[in-house]
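Trainee: Could you help me read this model? I would like to learn what the words mean and how they are decided.

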Amino acid sequence: MNSQNNFIMNISVIYRYVQKYFDRYLAPYGIGSGQMIFLLLIYENEGITMQQLTRMADFDKGTTTKGIQRLIEQEYISVITDEKDRRVKRLYTTKKTGEIINVLYNFRNECCNQLMKGLDSENVEEQFAGVKENVRAISPQQKYSEVRIGRLDKLSLSDYPGLVAGTIHTSGCNFKCPYCFRRDLVYIPENFSYVDPVDVLDFLNKRKGILDGVCFTGGEPLLQPEITDFIREVKDMGYKVKIDTNGFRPDVLKDLVSEKLVDYVAMDVKNVPDKYAMTVGMPEGSLKMDRIMESIEFLLRDPVDYEFRTTVVRQFHDRKDIEMMAEWLKNSRHYYLQKFVDGPQCVRRGYSAYDDREMQKLLEIVRRYIPHAQLRGVQ
Ligand code: SF4
C-alpha cells in the first residue's frame, strides 16, 4: 500500500475512533459529537446566528438545522429574535448547558491530548489546517451553498448598460411587489431547481474575454448570505459587475462599493415613502423605510456609478407621486421611469400601465427636477 493510501486510510481511522469516543462519553447527555461542537461554539459566541454557526463549524445548512433543533428540544440552547432585524434568530446556551459545559471541554481536551500524544501539537494542527483547506478545494459543491441562483442568462445586451453581459438571477426577495414579473423568484416553487453557483463560476471563467460584465439581479441579490464572496470571485475574473437592488440592505451595498466589487448599481425606488409598503406588497407600517432611505442617500453621494428607477403602475402612482419622487431624487446621476408590462409571471394580475403619451407627460414632470431623466419601455 502506498503512502497516499495510508494517508486517506489514517484519516478514516481517526474519524471513526473519535466518533466512537464521543458517542460513548456523550451518550448520557443525549448529544453527539456534532452537537458538542455546536454547543461549544455557541457557548463561546453567545448570540451567534445559525448562518454564522454553519460557516464556523463547516457543516452544511441542513446538518446545522437538524442539530440545533435537537439541542433546542433538549433545552440546551434557546433562540431569541434579534430586536433590530426580526428575520435574524440568535442562539444562546441555557442553564442546562452551563451545568455540563466543563464536562464537554474535558472530553474534548482529553481526546485531543490523546490524539496528540508524542507529537509536536502545534505543527500537527498547522498541517491539519492545511489539509482542511485543501479538501475544500475538492468539494466545490459546498462552496457558495448559500447562494441561491434561480436562473443564468448567458448573454444579455440590455441588462448592463453598454456592455455584453451574463445575468445571474438570485432566488428570493423580501418584497412582494404585486406587479413584479419574477413570480418564481419571489414565491419559490417547491420543486424549483437552482443553478449550481460553482457551475455559474465555471461558465464565467470560460467566457472571459467574450462577456464584459455580469449583472446580479433578483429576487434581491443582496439578501444572499455569501453574495459578497461570490461577487469577489466574479470580480477577480476581471468582469465589470452591476447589481440590481431594492435597497433593503444598505450595509451590504456599502461593503461592496467600499471594496470596489461593484461598478454599477441600479436601485428601484418604488414610490413615495407613504405608499412604499403598499407598493412592495407589505402590510402598512411593516417596512423599515430607514434602510431604503440609507441606500438612496448613500448613492446620492456618488460613491459609484448608479441609477434609480421606478416601474410606473397606474394603480400605485399618480402625477403627484411621480413629482414627489423626482424632488426626492433630485441631483441623482440617472433616473428612469419604466413602463409596467403585465404578464403571466407577475406576482398578481390585473395591474395596468400608463400609455406612452402619459409616460411622456410624467417624464416632463420629472425633468423639472432631474433634467436628464429618461423613459424605459416606451416607443
Ligand atoms: S420587483 Fe424586485 S423587489 Fe419587488 S418583489 Fe420583484 S424582485 Fe422583489
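Mentor: Happily! Let's start with the buried residues of α12, which are Met289, Arg291, Ile292, Ser295, Ile296, Phe298 and Leu299.

Trainee: What makes a residue count as buried, partly exposed or exposed?

Mentor: Its relative accessible area decides: under 20% is buried, over 50% is exposed, and anything in between is partly exposed, using a 1.4 Å probe and protein chains only. Please also keep in mind that this is a predicted model, where local features need pLDDT of at least 70 and side-chain atom pairs count only at pLDDT 80 or more, while totals for chains, interfaces and linings use all residues. Residues are numbered from 1 along each chain as its sequence is written, and side-chain values use heavy atoms, leaving out hydrogens and water.

Trainee: Why is α12 called a helix, and what covers its buried residues?

Mentor: Helices are DSSP runs of H or I with at least four residues, strands are runs of E with at least two, and both are numbered from the N terminus. The 12 residues of α12 therefore qualify. The cover over its buried residues includes α10 (250–258), β8 (264–268), α11 (276–279), β9 and α13. Covering here rests on contact, meaning heavy atoms within 4.5 Å.

Trainee: How do you know whether the length of α12 agrees with what is expected?

Mentor: The expected span is 1.5 Å times one less than the number of residues. For α12 this gives 16 Å, and its end C-alpha atoms are 16 Å apart, so the two agree.

Trainee: Which residue just after α12 takes a positive phi?

Mentor: That is Asp302, with a phi of about 70°, although Asp302 is not a glycine. Asp302 sits in the loop between α12 (289–300) and β9 (305–312).

Trainee: Why is Asp302 called partly exposed, and what is Asn331 called?

Mentor: Asp302 has a relative accessible area of 38%, so it is partly exposed. Asn331 reaches 67% and therefore counts as exposed. Asn331 lies in the loop between α13 (319–328) and β10 (335–339), and it has a positive phi of about 75° without being a glycine.

Trainee: What makes you say that α5 has a kink?

Mentor: A bend at a residue is the angle between axes fitted to the seven residues ending there and the seven starting there. In α5 the kink is about 45° and is centred on Ile101. Ile101 is also one of the buried residues of α5, as is Tyr105.

Trainee: What does Glu44 touch, and how exposed is Glu44?

Mentor: Glu44 touches Tyr105 and Arg108, leaving aside residues up to four places away in sequence. Glu44 belongs to helix α2 (residues 33–44), and at 46% relative accessibility it counts as partly exposed.

Trainee: How do you know which residues are around the ligand?

Mentor: A residue is near a molecule or strand if one of its heavy atoms lies within 4 Å of it. The residues around the ligand are Cys173, Phe175, Lys176, Cys177, Cys180, Val186, Gly219, Asn246 and Lys270.

Trainee: What classes make up that shell, and where does Gly219 go?

Mentor: Ala, Val, Leu, Ile, Met, Phe, Trp, Tyr, Cys and Pro count as nonpolar, Asp, Glu, Lys and Arg as charged, and the others, Gly among them, as polar. The shell has five nonpolar, two polar and two charged residues, and Gly219 is therefore polar. The peptide bond from Gly218 to Gly219 is cis, with omega near -5°.
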